[in-house]
Amino acid sequence: MISFIIPAHDEERLLGATLAALKTAAAAHSLDYEIIVVDDASTDRTAEVAKAGDALVIPVTLRKISAVRNAGAAAARGERFIFVDADSLVSPALLGAALRALDEGAVGGGARLAWEGHIPPWSRPMVWLTDWVMRTANLGAGCFMFATRTAFEAVGGFDEHLYVTEEITLSIALKRHGRFVLLREPIVTSGRKLRTYSPLELARVLRGGLIAGRRNPEYLNLWYGKRRNEK
């Protein structure tokens, strides 16, 4: 069985499309699967949307993405885990590539990023640099990561000391454990943060948040602040 694990906080607007894409991709490969939505202290209809999409809802109040992902893994029944963000769309091609990698002996992996919708011109160099770093270092992005249960449990899952970059730490741990694959097929993820935050706000996050804020959410409004919806 494949366990799709989705962390979600106030994601009623985008979660439905994520669930629909997962079900379409799973059906294309005739999979035995489950979808787990870990509803982390949502104040909107996230849980209702998840249930309407045939997902198992695990309610938590953690406000730490690493711990939320691990809570989903703890509830999962599958031998293969696929972590998907609530604003990301998995295609049949991407899912098939992940399954082939696991069949061929990989312990885990990730995918390249493709951004949904228009992204501001100022953000494009940053997007290119991020993609280059991830490809060069062979690191997965949190919006789509996969692993065998055995490998995930062997490395201790996501590091719950961290509020961000937990996917980088897991990528490094899995690479030490076995073969880690960065797929050519992209994961389509929302560009909403690039559209709703200014260059100055993002620069402040990169300057302070990803260093001091890895263990302190005070610096991490981009991820832990009130959701900014697009007009």
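**View 1. Strands β1 and β4 side by side.** In this predicted model, β1 and β4 pair in the parallel sense, joined over four bridges. To find your place, look for I5, which stands opposite F83 in β4. Strands of a sheet pair through backbone hydrogen bonds, in either a parallel or an antiparallel way.

**View 2. The other neighbour of β1.** Here β1 meets β2, and the two run parallel with seven bridges between them. A handy landmark is S3, which has E34 of β2 opposite it. Follow the chain and you will see it leave β1, pass through α1 and arrive at β2; this β-α-β crossover is right-handed.

**View 3. Strand β1 in its surroundings.** How many residues of β1 are buried? Seven of the seven are, so β1 is largely enclosed by the rest of the structure. In a regular strand, side chains alternate between the two faces of the sheet. Both faces of β1 are covered: on one side I2, F4, I6 and A8 are buried, and on the other side S3, I5 and P7 are buried too.

**View 4. The whole sheet, strand by strand.** Stepping back, you can count eight strands in an open sheet, with mixed pairing. Their order is β3-β2-β1-β4-β7-β6-β8-β5. At the edges are β3 (56-60) and β5 (88-89), each of which pairs on one side only. For an antiparallel example, turn to β6 and β7, which are joined by three bridges. Within this pair, G109 has F146 of β7 as its bridge partner.

**View 5. The largest nonpolar core.** This core brings together 38 residues, and those with the most contacts inside it are I6, V37, V90, F144 and L183. Several elements supply at least two residues each, among them β1 (2-8), α1 (15-28), β2 (33-40) and β8 (180-190). Which element gives the largest share? That is α4, with seven residues.

**View 6. L183 and its contacts.** Zoom in on L183, one of the residues with the most contacts inside the largest core. Leaving aside residues up to four places away in sequence, L183 touches L94, A97, A98, A101, G110, A111, R112, F144 and F146. Elsewhere, a second, separate core of 19 residues includes V38, F83, A151 and F180. You have already met F83, the residue of β4 opposite I5.

**View 7. The second largest cavity.** The structure holds two cavities of 30 Å³ or more, and the second largest contains about 50 Å³ of space. Its lining is made of A111, R112, L113, T130, D131, M134, R135, L139, G140, A141 and L182. Two or more of these lining residues come from each of β6 (108-116) and α5 (124-137). The biggest contribution to the lining is from α5, which gives four residues. Two of the lining residues, A111 and R112, are also contacts of L183.

**View 8. T165 in its loop.** The last stop is T165, found in the loop between α6 (149-154) and α7 (166-177). Is T165 buried or exposed? Its relative accessibility is 18%, so T165 counts as buried, the cut-off being under 20%. For a sense of distance, compare T165 with V188: they are 23 residues apart in sequence and 19 Å apart in space, C-alpha to C-alpha.

Note on methods: Residues are numbered from 1 along each chain as its sequence is written. This is a predicted model: local features need pLDDT of at least 70, side-chain atom pairs count only at pLDDT 80 or more; totals for chains, interfaces and linings use all residues. Side-chain values use heavy atoms; hydrogens and water are left out. A nonpolar core is a set of buried Ala, Val, Leu, Ile, Met, Phe, Trp, Tyr and Cys residues joined through side-chain atoms within 4.5 Å. Buried means under 20% relative accessible area, exposed over 50%, partly exposed in between (1.4 Å probe, protein chains only). Contact means heavy atoms within 4.5 Å. Two strands pair if DSSP finds at least two bridges between them. A crossover is right-handed if, with the strands pointing away from the viewer, the path from the first strand over the helix to the second runs clockwise. On a 1 Å grid over the protein atoms alone, a cavity is a set of points where a 1.4 Å probe fits but cannot get out, and a pocket is an open set with protein on both sides within 12 Å along at least five of seven lines; lining residues have an atom within 4 Å of a point. Grid points are joined across faces, edges and corners, and a volume is the space filled by probe spheres set on the points.
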